[in-house]
Amino acid sequence: MESATFFKARKKLKKTQKEIAELLGTSIKAIHSYEQGWRSIPPHVERQMYFLLSRQRELHEKAPRPCWIVKKCPPSRKKKCPAWEFRAGKMCWFINGTICECQARKNWKEKMEVCKKCEVMSVLL
């Protein structure tokens, strides 16, 4: 997550730096550093921000369709995918090991490169 995206997400959540620091279990100084680009945003913080955005979206907007419907996954791919196994198709980006674009990614950073381009997640920001 880039600093500008983090800032945009915080504003969309309508939280001050202090409030978001408390929600994320970190310091205000860390939040300031993320937004200024002085510190890279750790994967667990990025994941929490997207989680909060997803919960806000479901409160105020129509619920998204599950990823397997959006991506038109065949039964053979769904059976291998953790998003299908745990019925988390609206939060597939949250789960490592999902079979997006026909293959699972090795790590969170690689996964997020694919997820950020996908319509399931792109609507969060």
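These legends accompany close-up views of a predicted model.

**View 1. Confidence along the chain of the predicted model****.** Mean pLDDT for the chain is 89. Of its residues, 96% reach 70 or more. Among the elements, helix 3 (residues 28-36) has the highest mean pLDDT, at 97. Helix 9 (residues 119-122) has the lowest, at 82.

**View 2. The largest pocket, with about 250 Å³ of space****.** Its lining includes Met 1, Glu 2 and Thr 5. Ser 40, Ile 41, Pro 43 and Glu 46 also line the pocket. The rest of the lining is Trp 108, Lys 109, Met 112, Glu 113 and Lys 116. Helix 4 (43-60) and helix 8 (108-115) each supply at least two of the lining residues. Helix 8 gives the most, with 4 residues. By class, the lining has 5 nonpolar, 2 polar and 5 charged residues.

**View 3. The largest cavity, with a volume of about 80 Å³****.** The structure holds 3 cavities of 30 Å³ or more. Cysteines in the lining of the largest cavity are Cys 67, Cys 92, Cys 100, Cys 115 and Cys 118. Lys 71, Trp 93, Val 114, Val 120 and Met 121 line the cavity as well. Helix 8 and helix 9 each supply at least two residues of this lining. By class, the lining divides into 9 nonpolar, no polar and 1 charged.

**View 4. The second largest cavity, with about 50 Å³ of space****.** Ser 54, Arg 57, Glu 58 and Pro 64 belong to its lining. So do Lys 90, Trp 93, Val 120 and Leu 124. Helix 4 gives the most to this lining, with 3 residues. The lining residues divide into 4 nonpolar, 1 polar and 3 charged. Trp 93 and Val 120 line this cavity and also appear in the lining of the largest cavity.

**View 5. Ser 54 and its surroundings in helix 4****.** Is Ser 54 buried or exposed? Ser 54 is buried, because its relative accessible area is 4%, under the 20% cut-off. The Ser 54 side chain makes a polar contact with the side chain of Arg 55, at 3.5 Å. Leaving out residues up to four places away in sequence, Ser 54 touches Met 91, Trp 93 and Leu 124. Two of these contacts, Trp 93 and Leu 124, line the second largest cavity along with Ser 54.

Definitions and conventions
Residues are numbered from 1 along each chain as its sequence is written. Side-chain values use heavy atoms; hydrogens and water are left out. pLDDT is the predictor's confidence in each residue, from 0 to 100. On a 1 Å grid over the protein atoms alone, a cavity is a set of points where a 1.4 Å probe fits but cannot get out, and a pocket is an open set with protein on both sides within 12 Å along at least five of seven lines; lining residues have an atom within 4 Å of a point. Grid points are joined across faces, edges and corners, and a volume is the space filled by probe spheres set on the points. Ala, Val, Leu, Ile, Met, Phe, Trp, Tyr, Cys and Pro count as nonpolar, Asp, Glu, Lys and Arg as charged, and the others, Gly among them, as polar. Buried means under 20% relative accessible area, exposed over 50%, partly exposed in between (1.4 Å probe, protein chains only). A polar contact is a pair of N or O atoms within 3.5 Å; within protein, one must be able to donate a hydrogen and the other to accept it, and residues adjacent in sequence count only if both atoms are side-chain atoms. Contact means heavy atoms within 4.5 Å.
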